[in-house]
Structure formats: structure tokens, C-alpha cells
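Trainee: I'm new to this one, so could you walk me through it and tell me how each label is earned?
Mentor: Sure, let's take a look together.

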Amino acid sequence: GGRKAIIIFVPFRQLKDFHKVQNRIVRELEKKFSGRHVVIVAQRTILPKTFNRSALQKGPRPVSRTLTAVHESILEDIVYPTEIVGKRIRYKVDGSKILKVFLDPKDLVNVETKLDTFAKVYKALTNKEVVFQFPVENP
């Protein structure tokens with residue numbers, strides 16, 4: 001619906017420490033901000049393709065600083081502590097892309113209500129359309 005979400009950017013180096021207590025932090029903050037969804041994302045750097053032509057730095061651009069790598073990592077951060085078990089890119093007839101992300105079914109109960117929020121947050125941060133789903137088990 002039209003609920004607001006709170007995105008907390010943490011320094012990348014402290015992300016691991018935040019993950020250790022993320023469940024508690026998120027629970028308390030959601031209680032404090034009366035039911036708003038809270039998402040913790042690491043502050044990452046995206047370096048341009050022309051980076052290795054500049055005189056200031058040493059060596060080529062690290063893969064972890066590419067646009068694609070940073071967007072993938074943001075996706076991982078948004079859904080944490082759930083894990084992503086699969087991804088599909090759907091190309092529509094008009095040329096637009098939708099990323100379908102499949103989450104671990106064991107966390108269905110905890111994150112089912114947040115799927116819409118995850119998609120909106122990812123769209124706000126990366127300007128990419130994404131749909132979060134749980135894989136359907138075929139008997």
C-alpha cells in the first residue's frame with residue numbers, strides 16, 4: 001500500500017556487524033516507527049567505466065565497484081536475512097526489463113508482508129523494476 005519505508009545506510013565495513021544484530025534492530029525500529037518497514041543497506045561506491053584512465057588511483061577498477069555488482073549487492077542487503085535462491089530477467093515486448101527474484105521459501109512467514117516494500121526500495125535506489133517471489137514447488 002502507501003506505507004512508508006525507512007532505509008538505513010550503514011558504512012560498508014560495519015555491515016557484517018549490523019547483520020549480527022539486524023533482526024533485533026529492525027524489530028525495535030519497526031515498533032518505534034509504528035509499523036513502517038525498516039531496511040538496512042550498505043553504503044557502496046560505484047566507480048565509472050573511465051576510472052582506470054584517471055591519474056589519481058593505482059590499478060584498474062575493482063569488480064566490486066561496478067554498477068552491476070553494487071546493484072546485486074543492494075538486492076542482497078534489502079532481502080537480508082532471507083536468501084536469494086534464483087533470479088530471472090523478463091524482457092517485455094516494449095523492451096523493458098523486469099527482474100524476478102526468488103527468495104528462500106523457509107522465510108515465507110517473516111518477509112511475505114514486506115515483498116512490496118523490497119521492490120519499492122530497490123526501485124528507489126537503482127531505478128530498476130523488480131518482483132520478489134517464492135519459488136513454486138512442483139510435486
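Trainee: What lines the second largest pocket, and which residues lie nearest its centre?
Mentor: Keep in mind that this is a predicted model. In it, 13 residues line the second largest pocket, and Ile89, Lys97, Leu99, Lys128 and Glu129 lie nearest its centre. Helix 2, strand 3 and strand 4 are the elements that give two or more residues to that lining. Helix 2 gives the most, with four residues.

Trainee: How much space lies in the second largest pocket?
Mentor: About 280 Å³.

Trainee: What kinds of residues make up the lining of the second largest pocket?
Mentor: Five are nonpolar, three are polar and five are charged. Lysine and glutamate count as charged, so Lys97, Lys128 and Glu129, which lie nearest the centre, belong to the charged group.

Trainee: And what is the volume of the largest pocket?
Mentor: About 350 Å³. Of its 19 lining residues, Asn23, Val26, Pro81, Asn110 and Lys114 are the closest to the centre. Helix 1 (15–32), strand 2 (37–43), helix 2 (67–79) and helix 3 (108–111) supply at least two lining residues each, and helix 1 gives the most, with five. By kind, the lining holds ten nonpolar, four polar and five charged residues.

Trainee: What makes strand 3 and strand 4 a pair?
Mentor: Two strands pair if there are at least two bridges between them. Strand 3 (residues 84–91) and strand 4 have seven bridges, in the antiparallel sense, so they pass that cut-off. Among the partners, Gly86 stands opposite Phe102, and Lys87 has Val101 as its bridge partner in strand 4.

Trainee: How do you know that strand 4 and strand 5 pair too?
Mentor: By the same reasoning: the cut-off is at least two bridges, and strand 4 and strand 5 (residues 130–133) have four, in the parallel sense. One example is Lys100, whose bridge partner in strand 5 is Val131.

Trainee: Why is the pairing in this sheet called mixed?
Mentor: The three strands form an open sheet in the order 3-4-5. Strand 3 and strand 4 pair antiparallel, while strand 4 and strand 5 pair parallel, and the pairing is thus mixed.

Trainee: What makes a strand an edge strand here?
Mentor: Pairing on one side only, as strand 3 and strand 5 each do. Neighbouring strands of the sheet are turned by 20 degrees against each other on average, direction ignored.

Trainee: Which helices pack on the sheet?
Mentor: Helix 2 does, touching strand 3, strand 4 and strand 5, and its direction makes about 125 degrees with that of strand 3. Helix 4 (residues 115–126) also packs on the sheet, where it touches strand 4 and strand 5; its direction makes about 155 degrees with that of strand 5.

Trainee: Why is strand 4 called mostly covered?
Mentor: A residue is buried if its relative accessible area is under 20%. Five of the seven residues of strand 4 (residues 97–103) are buried, so "mostly covered" fits.

Trainee: Why does Asp94 count as exposed?
Mentor: Exposed means over 50%, and Asp94 is at 63% relative accessibility, so Asp94 counts as exposed. Asp94 sits in the loop between strand 3 and strand 4. In that hairpin, with five residues between the strands, Gly95 takes a positive phi near 95 degrees.

Key:
Residues are numbered from 1 along each chain as its sequence is written. This is a predicted model: local features need pLDDT of at least 70, side-chain atom pairs count only at pLDDT 80 or more; totals for chains, interfaces and linings use all residues. Side-chain values use heavy atoms; hydrogens and water are left out. Buried means under 20% relative accessible area, exposed over 50%, partly exposed in between (1.4 Å probe, protein chains only). On a 1 Å grid over the protein atoms alone, a cavity is a set of points where a 1.4 Å probe fits but cannot get out, and a pocket is an open set with protein on both sides within 12 Å along at least five of seven lines; lining residues have an atom within 4 Å of a point. Grid points are joined across faces, edges and corners, and a volume is the space filled by probe spheres set on the points. Axes are lines fitted to C-alpha atoms, for helices over the stretch in contact, and angles run from 0 to 180 degrees between N-to-C directions. Contact means heavy atoms within 4.5 Å.
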